[in-house]
Amino acid sequence: MSAKDHIIKLYGTRGSATAYSIRDFLQRSDVPFQWIELASDEQARAEASVAGLADDKLPVCLFDDGTRLERPTLRQITEKLGWFRNPSRAEYDLAIYGAGPAGLSAAVYGASEGLKTVVIERSAIGGQAGTSSRIENYLGFPDGIPGADLAERARDQACRFGAEFLVMREGVRGEFVAGKGIGTLADGTKIVARATICATGVNYRRLNLPNEDSLVGLGVYYGAGMSEASFCKGQHVFVVGGGNSAGQAAMHFSQYASQVSIVIRGDSLRKTLSEYLVDRIRSSPNIEVLSQTEITALDGNGSLRAITLKDKRTGESRTVDTNHLFLCLGGSPHTQWAQDVGIVRDEEGYLVTGPDLLKDGKRPPIWVLDRDPYYLETSMPGVFAAGDVRHGSVKRCASAVGEGAMAVAFVHRYLAGA
Ligand SMILES: Cc1cc2nc3c(=O)[nH]c(=O)nc-3n(C[C@H](O)[C@H](O)[C@H](O)COP(=O)(O)OP(=O)(O)OC[C@H]3O[C@@H](n4cnc5c(N)ncnc54)[C@H](O)[C@@H]3O)c2cc1C
């Protein structure tokens with residue numbers, strides 16, 4: 001069953017972090033849902049069948065077959081959608097970790113070319129791309145395409161070719177023995193495969209401010225917060241970051257918010273943002289760019305109330321009221337598992353592949369084969385990296401998709417023993 005067949009009603013109160021995480025997951029997974037914000041105890045009793053707004057059964061998820069989940073975890077929702085599965089095989093040809101554009105592309109090519117393929121994704125399918133309101137520079141979509149839509153199409157395509165998806169599962173460790181990779185998932189499940197593609201992208205960077213953890217989902221959001229746009233009607237929204245993701249988020253929020261402020265440390269968006277977005281931002285009357293500015297404090301108890309902005313030129317600080325802060329600060333890769341098995345990473349943790357592994361023409365000491373590593377192969381034969389997690393990658397949807405497809409070509413060569 002496709003995600004689009006489900007219609008979910010989600011009842012909850014404003015400012016609930018759990019409700020936010022469910023909305024975010026459903027939005028990124030391209031599952032249609034209706035958010036019903038409960039404003040009074042009477043409404044809570046009548047519509048959600050709970051005692052009142054303070055009832056700890058909230059949020060409540062109501063599925064179209066009548067199933068009711070109270071304060072569900074994302075895993076329970078995934079199970080209800082029929083997406084939570086155990087691996088069907090004892091061994092695969094190809095295990096792909098991460099279902100962003102790189103992993104999805106690898107899944108389509110791997111499965112369509114006859115490899116028994118499994119994809120392991122710890123969260124929603126689509127990765128960073130799934131959080132984008134509209135990807136406008138992806139080949140073949142002249143009007144742009146919402147990232148979640150693109151991801152859902154790719155998932156559907158990969159499934160039609162027989163790829164297996166294990167969602168809400170996280171790869172935490174790897175062992176590589178006698179031509180096999182054995183991945184251990186957070187719940188202890190083992191995935192055995194003859195070749196592995198790591199397409200785990202990057203994790204959002206944080207501001208590292210006191211109070212930040214307690215306000216996540218309660219006014220402070222990592223990424224472009226697609227599901228939250230309609231809650232920003234008439235409000236002053238802050239977006240931090242100077243990359244395309246921040247630019248897109250600002251454009252999207254400007255359709256709802258009265259004012260959008262983009263906060264950047266640098267002096268101009270020109271150096272970091274695509275030209276088309278710079279032009280659009282310039283011509284949007286309700287978007288301002290606060291350059292050479294940083295956020296130094298978050299204020300709020302239970303939900304974000306205000307932020308403190310420091311102008312780096314003058315050293316002056318001011319506090320501004322806001323309930324919505326979106327952090328589009330890029331990310332860093334989480335590849336501790338690779339370090340644990342001696343796979344070569346760069347100083348920031350990105351996986352080094354192919355020619356970048358050679359120093360003065362010499363292969364790394366850990367490399368055991370009598371050939372150079374293939375272009376997207378890591379220092380562990382049969383383990384490939386594609387997309388944002390790879391050292392030197394371009395950090396674009398199309399290039400992640402290209403690398404996913406290319407990695408599969410090298411998987412074939414590796415499996416053929418060439
Ligand atoms: C808001 C936003 C807008 C963007 N807009 C554009 C755009 O318009 N054009 C463009 O070209 N690019 C855009 N980008 C960048 C583009 O989305 C990324 O370059 C692309 O998604 C990278 O793909 P990826 O598959 O390498 O990694 P990701 O998209 O980061 O996907 C990695 C996946 O791996 C999963 N994962 C991580 N660790 C594990 C683990 N241990 N086990 C299992 N799964 C794991 C993650 O949950 C994630 O789903 C945008 C990015 C953002 C955030």
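Ser132 is found in the loop between strand E6 and helix H5 (147–160) of this predicted model. The residue is buried, with a relative accessible area of 9%. Its side chain makes a polar contact of 2.7 Å with the side chain of Gln248. Gln248, in turn, is listed among the residues closest to the ligand.

**Ligand site**

The ligand is surrounded by 32 residues, and the closest of these are Glu121, Gln128, Asn137, Gln248 and Asp388. By class, the shell comprises 12 nonpolar, 13 polar and 7 charged residues. Four secondary-structure elements each supply at least two residues of this shell: helix H4 (101–112), strand E6 (117–121), helix H7 (244–253) and helix H10 (397–415).

Three distances between ligand atoms and polar protein atoms are listed below.

| Ligand atom | Protein partner | Distance |
|---|---|---|
| Oxygen | N or O atom in the side chain of Glu121 | 2.6 Å |
| Nitrogen | N or O atom in the side chain of Asn137 | 2.8 Å |
| Oxygen | Polar backbone atom of Ala129 | 3.4 Å |

Taken alone, the ligand exposes 1,000 Å², of which the protein buries 94%.

**Strands E13 and E14**

Strand E13 spans residues 236–240, and because 4 of its 5 residues are buried, the strand is largely enclosed by the rest of the structure. E13 is joined by 5 bridges to strand E14 (residues 259–263), and the two strands run parallel. Within this pairing, Phe238 stands opposite Ser261 in E14. In a regular strand, side chains alternate between the two faces of the sheet.

**Backbone geometry in loops**

Several loop residues deserve separate mention for their backbone angles. The peptide bond from Leu58 to Pro59 is cis, with omega near -5°. Pro59 belongs to the loop between helix H2 (41–48) and strand E3 (60–63).

Asp30 is not a glycine, yet has a positive phi of about 60°. This residue is placed in the loop between helix H1 (17–28) and strand E2 (33–37). With a relative accessible area of 16%, Asp30 counts as buried because the cut-off for that class is under 20%.

Arg71 likewise has a positive phi, of about 40°, although it is not a glycine. Its place is in the loop between strand E4 (68–70) and helix H3 (74–80). Is Arg71 buried or partly exposed? Its relative accessible area is 44%, so Arg71 is partly exposed. Asp30, by contrast, is buried.

**Cysteines**

How many disulfides does the structure hold? The count is 0. A disulfide is a covalent bond between the sulfur atoms of two cysteines. Cys397 is in no disulfide, and the nearest cysteine sulfur, belonging to Cys328, is 15 Å away. That separation can be set against the cut-off of 2.5 Å for a disulfide. Cys397 is buried, with a relative accessible area of 15%. Cys61 is also buried, with a relative accessible area of 0%.

Notes:
Residues are numbered from 1 along each chain as its sequence is written. This is a predicted model: local features need pLDDT of at least 70, side-chain atom pairs count only at pLDDT 80 or more; totals for chains, interfaces and linings use all residues. Side-chain values use heavy atoms; hydrogens and water are left out. A residue is near a molecule or strand if one of its heavy atoms lies within 4 Å of it. A polar contact is a pair of N or O atoms within 3.5 Å; within protein, one must be able to donate a hydrogen and the other to accept it, and residues adjacent in sequence count only if both atoms are side-chain atoms. Accessible areas come from the Shrake-Rupley method with a 1.4 Å probe; for residues, only the protein chains shown count as cover. Ala, Val, Leu, Ile, Met, Phe, Trp, Tyr, Cys and Pro count as nonpolar, Asp, Glu, Lys and Arg as charged, and the others, Gly among them, as polar. Buried means under 20% relative accessible area, exposed over 50%, partly exposed in between (1.4 Å probe, protein chains only). Two strands pair if DSSP finds at least two bridges between them.
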